[in-house]
Amino acid sequence: MKLYMVSLGPGDYELITVKALKALKQSDAICIPTKSADNSFVRSMTYKIVKKLMDEFGFDKPIIPMYSPMKFQKEDWQRQVDIIYNSFNEYKTLSFVTLGDSAVYSTVYYLLDLIKEQNITIYKQCEVIPGVTSFSHASAKVKKPLCVGDSSFLIRPLHKKKVPFTTVYMRPKIGMSTENIKNKNLIYTFENLNYKEEQILDYKKQKVDKYMTLFIDFLQ
Ligand SMILES: C[S@@+](CC[C@H](N)C(=O)[O-])C[C@H]1O[C@@H](n2cnc3c(N)ncnc32)[C@H](O)[C@@H]1O
């Protein structure tokens, strides 16, 4: 049993990652959200991307529609999670797809929170595959950086003023102390990701040892 949460990128099918493409190819079926209660995909960008990838890369998988009205209600996420549980009776490997990157305002984590609570086996067998965000794509389109040198970069939802937030700390100096980083929520240290001696720690390292270090204070 394997569940992939696949980020499809910002709408241009060529902006999908190789890892995401491989996950789709390895899946026995692909779960695609739709806003249409009749389970059609007429206006679905997600469906268009998956279809285009299947045509271009020569594979064909059964599609499982997941009605997703975007009303932020638990029963909607529960219905989608139940579809995933039921689909595992028929298929061994499933992908659930999302636009952009799963880390940014995606349904993925509403579903994963429920799965973690209700079926730890599936949760442990789940892999989240990151993707290109809409704002990375937008930045590239107009050839303007989101942050450069000593600047920072904020993502703010437009519907509310005061909201909880995640902070990403980057570009440390080797040897610096991290005591000035005031962790508010749940901070992790990511060192040398995808390099030799990769480390992921669920706490803040007291001293920076490697330039390739990120601290993320995740909202909870
Ligand atoms: C639910 S969020 C999903 C974000 C997505 N996961 C990402 O990585 O960009 C949807 C919001 O992302 C932005 N967005 C997503 N796709 C976009 C696009 N193709 N053009 C402009 N904005 C987009 C809009 O602000 C939209 O309201």
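**Figure 1. A salt bridge within helix H3.** In this predicted model, Arg79 and Asp76 sit 3 residues apart in helix H3 (residues 74-87), so about one helical turn separates them. Their side chains meet in a salt bridge, with 3.1 Å from N to O. The two partners differ in their surroundings: Asp76 counts as buried because its relative accessibility is 7%, while Arg79, at 30%, counts as partly exposed. This pair belongs to a structure that holds 7 salt bridges.

**Figure 2. A salt bridge between two loops.** Here the side chains of Arg171 and Asp150 come together in a salt bridge of 3.7 Å, N to O. The pair links distant parts of the chain, 21 residues apart: Asp150 belongs to the loop between helix H6 (134-142) and strand E6 (167-169), and Arg171 to the loop between E6 and strand E7 (186-191). Look for both at the surface: Arg171 is exposed, with a relative accessible area of 51%, and Asp150 is exposed too, with 81%.

**Figure 3. A salt-bridge network around Glu191.** Lys205 and Glu191 form a salt bridge through their side chains, at 2.7 Å from N to O. Glu191 lies in strand E7 and Lys205 in the loop between strand E8 (199-201) and strand E9 (213-218), so the pair ties together parts that are 14 residues apart in sequence. Are these two charged residues buried or exposed? Both Lys205 and Glu191 are buried. Zoom out a little and Lys207 and Asp209 come into the picture, as salt bridges that share partners join them with Glu191 and Lys205 into one network.

**Figure 4. The largest nonpolar core.** This core has 21 residues, and those touching the most other members are Leu3, Met5, Ile84, Leu94, Phe96, Leu111 and Ile115. Two or more residues come from each of strand E1 (2-7), strand E2 (29-34), strand E3 (63-67), helix H3, strand E4 (93-98) and helix H4 (108-118). Which element gives the largest share? That is H4, with 5 residues.

**Figure 5. Phe96 and its contacts.** Leaving aside residues up to four places away in sequence, Phe96 touches Tyr4, Met5, Val6, Cys31, Pro33, Met66, Gln80, Thr107, Val108 and Leu111. There is also a second, separate core of 19 residues, with Leu8, Leu24, Ile32 and Val97 among them.

**Figure 6. Aromatic pairs and a cluster.** The count of aromatic pairs comes to 7. In one of them, the rings of Phe41 and Tyr47 are stacked, because their planes lie at 0° and their centres are 4.5 Å apart. Phe41 counts as buried at 15% relative accessibility, whereas Tyr47 is partly exposed at 23%. Tyr188 and Phe190 make a stacked pair as well, with ring centres 6.0 Å apart and planes at 15°. Of these two residues, Phe190 is buried, with a relative accessible area of 14%, and Tyr188 is partly exposed, with 25%. Elsewhere, Phe72, Trp77 and Tyr110 gather into one aromatic cluster.

**Figure 7. Domains and annotation.** The domain assignment divides the chain into domain 1 (2-134) and domain 2 (156-220), whose C-alpha centres lie 28 Å apart. An unreviewed UniProt entry carries the annotation "domain: Tetrapyrrole methylase" for residues 2-159. Across that stretch, 2-159, the chain is 39% helix and 17% strand, and its end C-alpha atoms are 36 Å apart.

Conventions:
Residues are numbered from 1 along each chain as its sequence is written. This is a predicted model: local features need pLDDT of at least 70, side-chain atom pairs count only at pLDDT 80 or more; totals for chains, interfaces and linings use all residues. Side-chain values use heavy atoms; hydrogens and water are left out. UniProt positions are given in the numbering used here, feature names are shortened, and annotations may be inferred rather than shown by experiment. Helices (H or I, at least four residues) and strands (E, at least two) are DSSP runs, numbered from the N terminus. A salt bridge is a side-chain nitrogen of Lys or Arg within 4 Å of a carboxyl oxygen of Asp or Glu. Buried means under 20% relative accessible area, exposed over 50%, partly exposed in between (1.4 Å probe, protein chains only). A nonpolar core is a set of buried Ala, Val, Leu, Ile, Met, Phe, Trp, Tyr and Cys residues joined through side-chain atoms within 4.5 Å. Contact means heavy atoms within 4.5 Å. Domain bounds come from an automatic or database domain assignment. Rings of Phe, Tyr and Trp (its six-membered ring) pair if their centres lie within 6.5 Å; planes under 30 degrees apart count as stacked, over 60 as edge-to-face and the rest as tilted.
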